[in-house]
Amino acid sequence: GEHLLMRCIKFLSANHCFSQNFSILANWTFSHCLDQADGSNDLAFPQYMIPNNRNRDYGNCTYDHRHIVNTSFLYSTPSNWSNAWVRRIVGGWEFSTIFSAYSGDYLNPSAGQDNSRTGVGNDRPNVSGPSLLSDRTIARFFNTSVFSQAPLGTFGNAGRNTILGPSFVNFDLGVGRRVRFVESKEFELRFEFFNVLNHPNFNDPSTTLTSANFGRLTSAADPRIIQLSAKLHF
């Protein structure tokens with residue numbers, strides 16, 4: 001069976017409701033996941049680079065996000081203003097935010113060709129140094145120069161899932177208000193801003209040595225999205 005080891009330590013979790021119409025929830029998790037394969041579909045295709053030596057594939061899980069941070073904030077404006085017009089205009093608004101961030105996936109370097117001549121198709125290349133760059137760019141997200149094809153008849157020395165992918169940072173904002181116009185009916189107006197800072201969250205780059213886009217970022221998740229909704233509650 002597939003060997004899996006999961007270490008997870010939650011360092012911080014806080015939830016507090018304040019008396020002045022707002023509350024905050026925050027947590028930070030550090031975790032480390034190790035296994036020998038990314039799936040359990042061994043009957044459909046081989047998972048290991050060397051079928052009779054799966055220890056060569058022991059390494060980081062693909063979704064080994066070392067750091068995960070989530071924070072939510074909710075604030076409601078007071079409705080007890082002494083001035084009636086101020087109470088009608090300012091009171092009853094609700095502001096909510098959600099901030100999420102986590103470190104990137106661990107990606108598997110692939111040779112893109114059968115250097116070992118085993119016909120398995122899971123060859124990895126040779127690596128001569130760390131792939132992590134201090135200055136990562138769209139055109140060169142990791143150090144592609146440290147990877148090279150292994151000689152024919154041999155397996156590459158690169159470990160499985162050793163390339164750190166792009167991190168994820170997202171900030172959502174919601175603004176809404178309910179207005180009661182008769183005793184049993186309310187009108188709700190809500191504005192929602194997804195990825196309000198328009199922060200680019202890039203998808204994982206190609207890690208296949210023979211690909212023309214090896215080490216390049218070629219796509220990203222959604223940009224800023226604004227949504228307006230109106231509801232009648234009765």
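# A guided tour of the predicted model

Select T137 to begin: this residue is partly exposed, with a relative accessible area of 36%. The structure in the viewer is a predicted model. T137 belongs to the loop between β7 (126–127) and β8 (147–148). Its side chain reaches the backbone nitrogen of R140 at 3.0 Å. Now add R216 to the selection. T137 and R216 are 79 residues apart along the chain, and their C-alpha atoms are separated by 8.2 Å.

**Second stop: the nonpolar core**

Select L107, F141, F142, V146, F147, I163, L209, F214 and L217 together. These nine residues make up the largest nonpolar core. In soluble globular proteins, nonpolar side chains tend to be buried together. For a view from within this group, centre on F147. Leaving aside neighbours within four places in sequence, F147 is in contact with F142, I163, L209 and F214, among others. The contacts of F147 also include P109, P125, N126, V127 and S131.

**Third stop: D105**

Move next to D105, in the loop between β5 (93–102) and β6 (106–107). Which side chain of opposite charge is nearest to D105? It is that of R66, 11 Å away; D105 is buried yet has no salt bridge. The side chain of D105 does, however, make a polar contact with the side chain of H65, at 3.2 Å. To display the surroundings, select T62, Y63, H65, I163, L164, G165, P166 and D204, which are in contact with D105 when neighbours within four places in sequence are left aside. One of these contacts, I163, was also selected at the previous stop as a member of the largest nonpolar core.

**Fourth stop: the disulfide**

A search of the whole structure finds one disulfide. Select C33 and C61 to see the pair, whose sulfur atoms lie 2.0 Å apart. C33 is in strand β2 (residues 22–35) and C61 in the loop between β3 (59–60) and β4 (67–76), so the disulfide ties together parts that are 28 residues apart in sequence. A disulfide is a covalent bond between the sulfur atoms of two cysteines. Rotate the view to look along the S-S bond of C33 and C61: the torsion is about -60 degrees, so this disulfide is left-handed. Are the two cysteines buried or exposed? C33 is buried, with a relative accessible area of 10%, and C61 counts as buried at 6% relative accessibility.

**Fifth stop: salt bridges between distant parts of the chain**

Side chains of opposite charge can pair when their charged atoms come close. The count of salt bridges in this model comes to six. Select D35 and R160 for one of them, where the closest N and O atoms are 2.6 Å apart. D35 lies in strand β2 and R160 in the loop between β8 and β9 (163–164), so this pair ties together parts that are 125 residues apart in sequence. D35 counts as buried at 5% relative accessibility, and R160 is buried as well, with a relative accessible area of 4%.

Then select D57 and R124. They form a salt bridge whose closest N and O atoms are 3.0 Å apart. This pair also links distant parts of the chain, with D57 in the loop between β2 and β3 and R124 in the loop between β6 and β7, 67 residues apart. D57 counts as buried at 2% relative accessibility, and R124 is buried with a relative accessible area of 2%.

**Final stop: E186 and its network**

Select E186, in strand β11 (residues 185–194). E186 and R178 meet through their side chains in a salt bridge, at 3.1 Å from N to O. The two partners are placed in separate accessibility classes: E186 is buried, with a relative accessible area of 16%, whereas R178 is partly exposed, with a relative accessible area of 46%. Add E188 to the selection to complete the view: R178, E186 and E188 are linked in a network of salt bridges.

Which residues does E186 touch, not counting those up to four places away in sequence? They are R178, V179, R180, F181, K231, L232 and H233. Finally, select F234. The C-alpha atoms of E186 and F234 are separated by 6.5 Å, and the two residues are 48 residues apart along the chain.

Terms used
Residues numbered from 1 in each chain as written. Predicted model: local features only at pLDDT ≥ 70, side-chain atom pairs only at ≥ 80, totals over all residues. Heavy atoms only, no water. Helix = DSSP H or I, 4+ residues; strand = E, 2+ residues; numbered from the N terminus. Buried < 20%, exposed > 50% of the residue type's maximum accessible area, 1.4 Å probe, protein only. Lys, Arg positive; Asp, Glu negative; His and termini not counted. Salt bridge = Lys/Arg side-chain N within 4 Å of Asp/Glu carboxyl O. Polar contact = N/O pair within 3.5 Å; in protein donor to acceptor, adjacent residues only side chain to side chain. Contact = heavy atoms within 4.5 Å. Core = buried A, V, L, I, M, F, W, Y, C linked by side-chain atoms within 4.5 Å. Disulfide = S-S within 2.5 Å.
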